[in-house]
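Here are a few exercises to work through with the sequence and the model side by side. Try each task before reading its solution.

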Amino acid sequence: MMTKNVAELLTADLLLQEVHLQGWVRTFRSNRFIALNDGSTINNIQCVIDFENTSEETLKRITTGAAISVKGTLVESQGRGQSVEIQVSEIEILGDSNPDEYPIQPKKHSLEFLRENAHLRVRTNTFSAVMRVRSKLSFAVHKFFQENDFHYMNAPIITGSDAEGAGEMFRVSTLDPEKTPKTEDGKTDYSKDFFGKETNLTVSGQLEAETYAMGLSKVYTFGPTFRAENSNTTRHLAEFWMIEPEVAFIDLDGNMDLAEDFIKSVLSYALKHCKDDLEFLDQRFAQEEKAKPQQQRSELGLLEKLYFVVDNNFKRVSYTEAIEILKNSKPNKKKKFQFPIHEWGADLQSEHERYLVEKHFKSPVILFDYPANIKAFYMRLNEDGKTVRAMDVLFPGIGEIVGGSQREERYEVLVEKMKALGIEEDELWWYLDLRKFGTAVHSGFGLGFERLVQFVTGMGNIRDVIPYPRTPQNAEF
Ligand code: 4AD
Ligand code: MG
C-alpha cells in the first residue's frame, strides 16, 4: 500500500488504488465525512467512513485537530465539492484533540487571536497558505541568484561594529549584567567580555558582502537580521530576514535593473508554483478589502496586483523630481500630510512614499539620488556634491521594500565622509582596505523578505508572515 500526501492524492492518477495517508482532522460531519489536511496543500481530502463498522469510541475521537492515520481506496466522489475521496477501510487515531480545549475551531478566528496561538495557527487555511508561499519564495530567491551566477554568502550574525548606523542594535554579551567588570573610569570593561570587545547582532550583512563581492564578483546573503528599533508598526520586526545581493562592476542603473528583474522573477515563480494558495489568498484579500471604507480599498485584487508588477516597468524617479511632485500634491497643499513637504532635503515618510506609489504613479517606483545627509555614509557621492547614488524601491501597500545604493569606491572620498560623520577609521579598517587594494565600482541592495511575503500574500501585518514574530514587548514561543 502506498503512503501518499493529500496533494498527491488530489492530483495524481491514483483512482481505485489502495492508499495510506496521515493528517489532522479539520472537520467531521454526520459521523461519516472527515475533511483531512496534512499541510501539503490548502485543499482537504474527504475521507468517508463506514460508520457501521467503526466503533463508537473511535467515532468520538475523530475531532477537529486530532491526528489520524487512514487506509482506504481512492474513488471518484459521490458528493459535490470534490472530485475524489477516500473510501476508508481502516482508521487509527494517532493523537487525540480535546474539542473543549483545542483553540482552533472550524470557524473564522481573528488574526490577533491566532497570534496568541502562534504554535497552532499553521493549522488554519490562511497561515498554512502564507507559510507555503513563504517557503516557495525563499526557494525562488536562491533559484534566481544561482541561475544568474551569484554565490551565496553567509555574513556573520554577531558583529563587532555598528558601521551601518541602521538603527538600535541588540548587544551580545556573556558578562553578568548585575556585576560587570569596570574600567578605571567606571565604565563596563568589554575587554573582559567573550569577544574582548563590544559585539551586537547584525543589522545588515552588507559591509561583509562587499568584501566578498570584491573577490567573487556576484554574491548574495539571505539571513536573519536584527533591529532594536522601537517601531510598533505593521511593517517592522525586531528579527527579520534580509536578502542582500552585492555586485562588482555595476553602477546604480545596473543595480536598479537587478532589483527589478529579481523581484519580477520571484513573483512569477510564486504565481506559477503557488496557484491554489494564491487563489485562496486572493479571495481572502477581497473580503478584507470589502470591510474597509471605500477610499482605503485597493483598486486591484491580490492576483491582479502581482500580475501588474510582473508585467509593467517600475517607474524610476529622482528624489528631486519626487519632492516637486509632493510639494505640489493635493494632500500637501491641503495640509493632509502629517509631515508637510516644504523643501528639498526633507526625509520622506511612509505617507509620502505611499502617495507617490498609490496615488500619483499607481505603480512600483524606484526613487534614486537622495540627499547625502539623509542616507548612509557608504553611498557614492554624485558630482553635484550633495546627492548620493541611493535607491529605494517602493511598493503599493508596503512602502519601502528595497533599500540600496552604488557604494563609494574612492578611498579619499570615503575617508572624508567618515571623518565628517565621526566614524572611527580603525573600526572599519578592513572596509577601507577594499578601497586601497583593487577598488572597483560596485553596488547592491537589501530586500526585506517579510515585506515581500506580505506583498505576495496580501497580509496586512508583518507579524502574520513569519512563524514567530519578534517585536517590542513580544518574544513568546
Ligand atoms: O534600507 P535598509 O536599512 O538597507 C540596508 O540595510 C542596506 N544595508 C541594504 C543594502 O544595501 N545591502 O534595509 C533594507 C530593507 C528595507 O527596504 C526593508 O524592506 C527591510 O530591509 N527592513 C525591515 N523589514 C522588517 N522589519 C524591519 N525592522 C526592517 N528594517 C528594514
Ligand atoms: Mg532603507
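**Exercise 1. Place Lys335 in the chain, and decide whether Lys335 is buried or exposed.**

Solution. Start with the neighbouring elements: Lys335 sits in the loop that links α10 (330–333) to α11 (350–361). Keep in mind that this is a predicted model. Next, look at the backbone: phi of Lys335 is positive, about 55 degrees, although Lys335 is not a glycine. Finally, turn to accessibility. The cut-off for exposed is over 50% relative accessible area. Lys335 has 70%, so Lys335 is exposed.

**Exercise 2. Find where Gln473 lies, and state what its phi is near.**

Solution. Go past α14, and Gln473 turns up in the segment after that helix. Its phi is positive, near 65 degrees, in a residue other than glycine. With a relative accessible area of 86%, Gln473 is exposed.

**Exercise 3. Which residues of helix α12 are buried, and which exposed residues does the face turned away from them carry?**

Solution. First take α12, residues 411–421, and pick out the buried positions: Leu414, Val415, Lys417 and Met418. These four cover an arc of only 160 degrees around the axis, so they lie on the same side of α12. A general rule helps here: an α-helix has 3.6 residues a turn, so residues three or four places apart point the same way. Now turn to the face directed away from the buried side, where the exposed residues Glu412, Glu416, Lys419 and Ala420 are found. Then ask what covers the buried residues: β15 (387–395) and α13 (429–433) are included in that cover. Last, step off the end of the helix to Gly422, which follows α12 and has a positive phi near 70 degrees.

**Exercise 4. Describe the surroundings of ligand 1, beginning with the residues that come nearest.**

Solution. There are 24 residues around ligand 1, and Gln206, Arg227, Glu244, Glu400 and Ile401 come nearest. Sort the shell by class, and you get 8 nonpolar, 8 polar and 8 charged residues. Next, check the backbone. An N or O atom of the Ile401 backbone is 2.9 Å from a ligand oxygen atom. For Gly448, a backbone N or O atom lies 3.2 Å from an oxygen atom of ligand 1. A polar backbone atom of Val402 is 3.5 Å from a ligand oxygen atom. As for area, ligand 1 taken alone exposes 630 Å², and the protein buries 92% of that. The elements giving two or more residues to the shell are β12 (239–248), β16 (399–406) and β17 (442–448). The largest share, 5 residues, comes from β16.

**Exercise 5. Work out whether Glu168 is buried or exposed, do the same for Gln454, and list what each touches.**

Solution. Begin with Glu168, in the loop between β8 (158–159) and β9 (171–172). Its relative accessible area is 54%, so Glu168 is exposed. Leaving aside neighbours within four places in sequence, Glu168 is in contact with Val203, Arg227, Ala228 and Glu229. Move on to Gln454, in helix α14 (residues 449–457). The cut-off for buried is under 20%. Gln454 is at 1% relative accessibility and therefore counts as buried. Not counting residues up to four places away in sequence, Gln454 touches Thr234, Arg235, Ile398, Met459, Gly460, Asn461, Ile462 and Val465.

Definitions and conventions:
Residues numbered from 1 in each chain as written. Chains lettered and ligands numbered in written order. Predicted model: local features only at pLDDT ≥ 70, side-chain atom pairs only at ≥ 80, totals over all residues. Heavy atoms only, no water. Near = heavy atom within 4 Å. Polar contact = N/O pair within 3.5 Å; in protein donor to acceptor, adjacent residues only side chain to side chain. Areas by Shrake-Rupley, 256 points an atom, 1.4 Å probe, with all protein chains shown as cover. Nonpolar A, V, L, I, M, F, W, Y, C, P; charged D, E, K, R; others polar. Buried < 20%, exposed > 50% of the residue type's maximum accessible area, 1.4 Å probe, protein only. Arc of directions from axis to C-beta. Contact = heavy atoms within 4.5 Å.
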